[in-house]
Amino acid sequence: MGEAVNPQDNLILNQLSQQAYQRFMTKLRLVSLNKREVLYESGSTLRTGVYFPVTAAISLLAHLPDGCVNELVSVNHEGMVVAGACCGTLSFDRAQVRTAGLAYRMEVPEFMAAIRNDEATMFDLVLWSQRRVRRMAQSLSCISHHSVEQRLAKYLLVDLDNTGVDTIECTHQEIADSLGVRRESVSLILKHLEDEQAIQLRRGTIGVLNRQALVDSVCECYEPPVKHALSQPALRATFNQPSMSLAGA
Ligand SMILES: [Zn+2]
């Protein structure tokens, strides 16, 4: 696979106690995820595994009542992805790879066994779950209250943060599907950004020439990424920090 990674590059695995980390270590397997790969579908009963992204990023997409599909959250090295089916319920979202890369994977029974009787780890996972729910609620609020221009800027910035490079591999249709809007609207906004020399459009890719222009136009829902090199106390503080207030709430 070529890239030098280890499980502690994922913030959730990084903040495990030493004992818990040892239990997880023996069960984690490094996997390569391909762009657009679907890990599970909404309504699925499959127990497809628990993913801890390292260099990959995974979109959780929801079918909204109006028929649109929207990205609720993008999960990178800061989080993990667990199918709803793990808990004996149907998955309400679809997990699809947004950025190709590496992730650590555990089988569901192994994950459940690793956290069983470990109150500290379960407590941290509950905190993480609460933070995830807040982010999802914020995404829904973003859809309702913020413009497509703002949301598209957020989409591009998140992709830049996930990949660490200034070229985004995606089609206008993929962005439109993620934002739940028409492709024509996305193409119009991208053309405007290109006219402003913020981006350069090529077939299947978007080159970002001026990141600050995107930052200037994004809504307050955008959160810059957490750096890998944080100390353990700083990581825990970051992990527990409240997310921003809901837009318009
Ligand atoms: Zn927003």
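**Contacts of Val148 and the two open sheets**

Apart from residues up to four places away in sequence, Val148 touches Leu179, Val181, Ser185 and Ile189, a contact being counted if the C-beta atoms of two residues, placed from the backbone, lie within 7 Å. The model is a predicted one, in which local features need pLDDT of at least 70 and side-chain atom pairs count only at pLDDT 80 or more, whereas totals for chains, interfaces and linings use all residues. Residues are numbered from 1 along each chain as its sequence is written.

Val148 belongs to helix 5 (residues 148-163), where helices (H or I, at least four residues) and strands (E, at least two) are DSSP runs numbered from the N terminus. Because 19 C-beta neighbours lie inside 10 Å, Val148 is classed as partly exposed; by the criterion used, a residue is buried if 20 or more other C-beta atoms lie within 10 Å of its own, exposed if 12 or fewer, and partly exposed in between, with C-beta atoms placed from the backbone. Val148 is also separated from Val218 by 70 residues in sequence and by 9.9 Å in space, C-alpha to C-alpha.

Across the protein, the secondary structure comprises nine helices and 11 strands, and buried residues make up 35% of the 249 residues. Of the contacts with a separation of 6 or more, 73% are between residues 24 or more positions apart.

One open sheet consists of three strands in the order 9-11-10 with antiparallel pairing, two strands being paired if DSSP finds at least two bridges between them. Its edge strands, each of which pairs on one side only, are strand 9 (167-169) and strand 10 (199-202), and the twist from one strand to the next averages 20°. Strand 10 pairs with strand 11 (residues 205-208) in the antiparallel sense over four bridges, and Gln200 stands opposite Gly207 of strand 11. Helix 7 (residues 183-195) lies across strand 10 and strand 11 and runs at about 125° to strand 10; axes are lines fitted to C-alpha atoms, for helices over the stretch in contact, and angles run from 0 to 180 degrees between N-to-C directions.

An open sheet of four strands, also with antiparallel pairing, has the order 1-8-3-6. Strand 1 (29-33) and strand 6 (81-82) form its edges, each pairing on one side only. Within this sheet, strand 3 (residues 50-53) and strand 8 (residues 101-106) run antiparallel and are joined by four bridges, with Met106 in strand 8 as the bridge partner of Val50.
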